[in-house]
Amino acid sequence: MPRFNPLVEELSTPPIPLVQGWGRAYDGSLGPLIDMSQAVPGYPAHPDLLAKLGEAAASLSYSGYGAIEGDDGLRGVYAAHVSDLYGASVNPGNIHITAGCNEAFICSVMAVAGAGDAILMTNPFYFNHETTLAMMGVRIALVDTDSAKGFLPDPKDVSAAITGDVRALALVTPNNPTGAIYPAELLMEIFEICRQKDIWLILDETYRDFLEGFKARPHLLFQEAGWENHLIGLYSFSKSFCIPGHRLGAIMAGERVVEQIAKIMDNIQICPPRPVQAAVAQTLESLADWREANRAEIGRRADALRQTMAGLPGWDVGAIGAYFAFIRHPFEGRTSIEVAEHMARRLGITCLPGNFFGNGLERYLRFAFANADSATISLLQGRLKAMVLD
């Protein structure tokens with residue numbers, strides 16, 4: 001058999017299907033499976049959005065190729081939306097629509113780094129970011145975060161980790177996997193470091209719509225003069241609009257960056273999916289109250305998880321926010337994979353092992369709590385109280 005690309009062949013099995021396979025071995029004896037493995041909305045898309053999506057999918061006008069950068073309708077509406085959100089002046093030329101935020105990350109990295117260069121990430125990191133870099137031959141540099149500080153990086157550590165081969169720092173806020181929310185002041189301090197070191201800050205804000213205060217300004221970075229020379233913002237419509245299967249994300253960057261990314265996209269997707277672009281463009285503002293209600297519901301689920309874990313001695317919430325909580329388990333000397341596999345197979349609770357997200361995380365598990373309602377989350381306490389590892 002001919003050889004495979006070793007950079008791909010050496011990657012680990014995708015984590016979500018692995019953990020879901022453990023869950024399928026659960027016998028149902030304690031009640032229904034509680035799935036806290038993958039970040040998916042635990043409620044359906046709005047009927048108005050689905051109606052617009054159906055109309056666009058049935059229209060010949062959206063059956064042909066569109067612009068590489070995305071359709072003008074969505075680029076314009078989204079530019080106006082983020083201009084208002086950030087109190088900044090963003091124009092459609094600063095927007096590139098993508099097939100999901102993972103693709104936005106891949107193309108952003110390709111635009112600024114090549115094989116042998118390095119991208120700096122925090123530890124813990126989002127595993128798809130790590131595997132993306134690994135299969136591109138881009139070196140991964142890490143800056144550790146401290147659980148005692150809510151898994152937020154120290155700017156001094158960030159500065160020290162930026163060596164000559166680092167082309168960009170990639171941050172996720174609200175964070176995946178920890179749920180940690182980066183304060184605006186911390187982001188500004190880190191951005192200033194990136195400007196001083198002359199590297200890019202790639203800021204993934206997939207979960208920003210689930211910050212407390214739906215219309216609150218997450219930070220002031222896009223108000224900074226010359227932001228486009230060092231900042232690339234990423235976003236996903238999937239969670240806020242409950243359409244992960246339709247794959248829709250966005251990049252916000254300087255026009256020179258968008259030009260470079262268009263070169264890459266022309267070889268990957270030609271154009272982003274068009275019917276969903278049309279549907280979101282028509283409902284981005286009209287569904288604002290619906291999205292705020294969903295944000296509030298996710299907040300209630302976060303509160304339910306806090307209360308549930310508070311009743312479990314030895315289990316500690318290291319950080320929580322948006323869709324995720326990073327939970328420290330009480331089983332010293334047992335790996336996070338052992339603990340998560342036991343929970344899935346014996347207790348009917350699927351979550352992700354901490355060591356899927358970086359180094360030194362064997363005592364942690366990622367709970368994606370947005371998938372389950374508050375009543376379901378409360379069931380965790382009874383099952384985990386009785387947990388005994390073989």
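Author: A residue is called buried under 20% relative accessible area, exposed over 50%, and partly exposed in between. The structure discussed here is a predicted model.

Reader: Why is R167 called partly exposed?

Author: R167 has a relative accessible area of 35%. Partly exposed is the class between 20% and 50%, so R167 belongs there.

Reader: What makes R167 and D117 a salt bridge?

Author: The closest N and O atoms of D117 and R167 are 3.2 Å apart. The cut-off is a side-chain nitrogen of Lys or Arg within 4 Å of a carboxyl oxygen of Asp or Glu, so the pair qualifies. D117 sits in the loop between α5 (101-112) and β3 (118-123), while R167 is in strand β5 (residues 166-172); the two residues are 50 residues apart and link distant parts of the chain.

Reader: How do you know that R139 and D165 form a salt bridge, and which parts of the chain do they link?

Author: The N to O distance between R139 and D165 is 2.7 Å, and the limit is 4 Å, so the two side chains count as a salt bridge. R139 belongs to strand β4 and D165 to the loop between α7 (155-161) and β5, 26 residues apart. R139, with a relative accessible area of 38%, is partly exposed. D165 is partly exposed too, at 26%.

Reader: What does the pair of D209 and R291 tie together?

Author: D209 is in the loop between β6 and β7 and R291 is in helix α12 (residues 288-310), so their pair ties together parts that are 82 residues apart in sequence. The side chains meet at 3.4 Å, N to O, which is within the 4 Å limit. D209 and R291 are both buried, which means that each has under 20% relative accessible area.

Reader: Which residues are joined by salt bridges that share partners, and how many salt bridges does the whole structure hold?

Author: E192, R195 and E224 are joined into one network. The search of the whole structure gives 14 salt bridges.

Reader: Why are β2 and β4 called edge strands?

Author: The open sheet of seven strands runs in the order β2-β8-β7-β6-β5-β3-β4, with mixed pairing. β2 (95-98) and β4 (139-144) have a single partner strand each, so one side of each lacks a neighbour in the sheet. From one strand to the next, the twist averages 25°.

Reader: How do you know that β7 and β8 pair?

Author: Strand β7 (residues 231-236) and strand β8 (residues 249-252) are joined over four bridges, in the antiparallel sense. Pairing needs at least two bridges, so these strands meet the criterion. S236 has G249 in β8 as its bridge partner.

Reader: Which helices lie across these strands?

Author: Helix α4 (residues 72-86) lies across β2, β7 and β8, at about 115° to β2. Helix α10 (residues 255-265) lies across β2, β6 (200-204), β7 and β8, at about 25° to β2.

Reader: Why is G87 called partly exposed, and where is G87 placed?

Author: G87 has 38% relative accessibility, so G87 counts as partly exposed. Its place is in the loop between α4 and β2. Leaving aside residues up to four places away in sequence, G87 touches V82, R217 and Q223. Between G87 and P17 there are 40 Å, C-alpha to C-alpha, at a separation of 70 residues in sequence.

Reader: What makes α12 roughly parallel to helix α14?

Author: The axes of α12 and helix α14 (residues 374-385) cross at roughly 15° and come within 9 Å. Angles under 35 degrees count as roughly parallel, so α12 is roughly parallel to α14. The crossing is right-handed. Residues in this contact include R300, L305 and M309 in α12, and I377, L380 and L384 in α14.

Reader: Why are β9 and β12 called edge strands?

Author: The second sheet to consider is an open one of four strands in the order β9-β10-β13-β12, with antiparallel pairing. Its edge strands, β9 (316-321) and β12 (352-353), each pair on one side only.

Reader: How do you know that β10 and β13 pair?

Author: Strand β10 (residues 324-328) and strand β13 (residues 364-368) share five bridges in the antiparallel sense. The minimum is two bridges, so they count as paired. F326 stands opposite R366 in β13. Helix α13 (residues 336-347) packs on this sheet, touching β12 and β13, and its direction makes about 40° with that of β13. α12 lies across β9, β10 and β13, at about 175° to β9.

Note on methods:
Residues are numbered from 1 along each chain as its sequence is written. This is a predicted model: local features need pLDDT of at least 70, side-chain atom pairs count only at pLDDT 80 or more; totals for chains, interfaces and linings use all residues. Side-chain values use heavy atoms; hydrogens and water are left out. Axes are lines fitted to C-alpha atoms, for helices over the stretch in contact, and angles run from 0 to 180 degrees between N-to-C directions. Contact means heavy atoms within 4.5 Å. Buried means under 20% relative accessible area, exposed over 50%, partly exposed in between (1.4 Å probe, protein chains only). Angles under 35 degrees count as roughly parallel, over 145 as roughly antiparallel, 65 to 115 as roughly perpendicular and the rest as oblique. A crossing is left-handed if the near helix is turned anticlockwise from the far one by less than a right angle, and right-handed if clockwise.
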